[in-house]
Amino acid sequence: MTGSQQDGAVRIAIIGGGVAGLTAAYELAGAGNAQVHIFENGPELGGLAAGFRGRESWAWPLEKFYHHLFTNDYDIMRLTETIDAGDLLEIHRPSTVMHHRGANYPLDSPTHMLRFPHLSMAHKLRMGMVLAYLKYHPRPPWRAFDRLLADEWLARWMGETAYGKLWQPMLEGKFGPHFQDVNLAWFWARVYKRTPRLGYYRGGFQAFVDRLGAGARARGGTSGAHAPGRAGRPRARGALRSRRMRRCGR
Ligand SMILES: Cc1cc2nc3c(=O)[nH]c(=O)nc-3n(C[C@H](O)[C@H](O)[C@H](O)COP(=O)(O)OP(=O)(O)OC[C@H]3O[C@@H](n4cnc5c(N)ncnc54)[C@H](O)[C@@H]3O)c2cc1C
């Protein structure tokens, strides 16, 4: 984000129209005496949270990536209410299952874990203690977790058997050949933040993005895509190299 002052109003350029850029635009446009413009390189706003329509007849855009909110994601829940998108938000308790040896096993609660038939009680208790440590540690040492590898740490503390049967397949499914490079902080965050109930927007996250963009525009900001302008590509030490881009303005 960069800003300059002219005629009393602070002119602010926000590079990137993902959720972070749109939220910054919404907040800054509401702060008063500021002209806020979002410069977005892509064909639409929303960044990773955007959706797409394969056909005009689709009632909803399909998300490029699957998204949900945890019920303890308080900041985005508050923002959702502030931008009058509360009517879009639905909370559900989806069934989360692990596919193992041709059958599906729900594993989203301690009871379900204890019922899992392919681990001994000793393995399950050891795994439960490790998960409890990650979830309920009052002051989680996540900075230290950032320097540890999930694959090594989990195999060591959960044991090869529980890790190999339940967690390694999940890491491999998500990260493919890079699963051994994932740090423990990533895994910890999945366990620590996870809530059984999850939030979804009717119309997908694209609907939320649209309301956020509309909210920023209503406050006097400009946002959108498809208009020509200039932007920069990040270089070493934060310098920007200028190049043609799409300027957001509507
Ligand atoms: C597979 C997947 C699943 C996820 N699931 C969830 C989930 O369930 N729940 C959740 O809360 N989060 C989830 N996330 C994370 C979430 O999508 C991101 O944290 C969030 O969308 C990031 O928003 P952002 O604005 O910071 O960045 P981005 O969404 O990356 O937006 C950055 C924008 O800047 C633009 N840009 C980049 N460089 C330039 C430039 N030089 N000039 C102009 N524009 C530029 C890009 O085109 C883009 O539109 C998931 C992410 C992925 C990949």
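Two residues count as in contact when their C-beta atoms, placed from the backbone, lie within 7 Å. Keep that handy for the tour.

You're looking at a predicted model, where local features need pLDDT of at least 70, side-chain atom pairs count only at pLDDT 80 or more, and totals for chains, interfaces and linings use all residues. Numbering starts from 1 along each chain as its sequence is written.

Start with the whole chain. It has nine helices and twelve strands (DSSP runs numbered from the N terminus: H or I of at least four residues for helices, E of at least two for strands). Of its 250 residues, 24% are buried (20 or more other C-beta atoms within 10 Å of the residue's own; exposed means 12 or fewer, partly exposed in between, with C-beta atoms placed from the backbone).

Now select helix H6, residues 150-158. Color Ala150, Asp151, Leu154 and Met158, its buried residues. They sit on the same side of H6 because they cover an arc of only 95° around the axis, taken from the directions from the helix axis to the C-beta atoms. Show H4 (121-136), H7 (160-175) and H8 (184-193) next: these helices are among what covers those buried residues. Spin to the face turned away, and you'll find Glu152 and Arg156, both exposed. Just after H6 comes Gly159, with a positive phi near 100°.

Last stop: the ligand. Select the 22 residues around it (C-beta atom, placed from the backbone, within 6 Å). The closest are Gly16, Gly18, Ala20, Asn41 and Gly47. Helix H1 (19-30) and strand E11 (227-234) each supply at least two residues of this shell.
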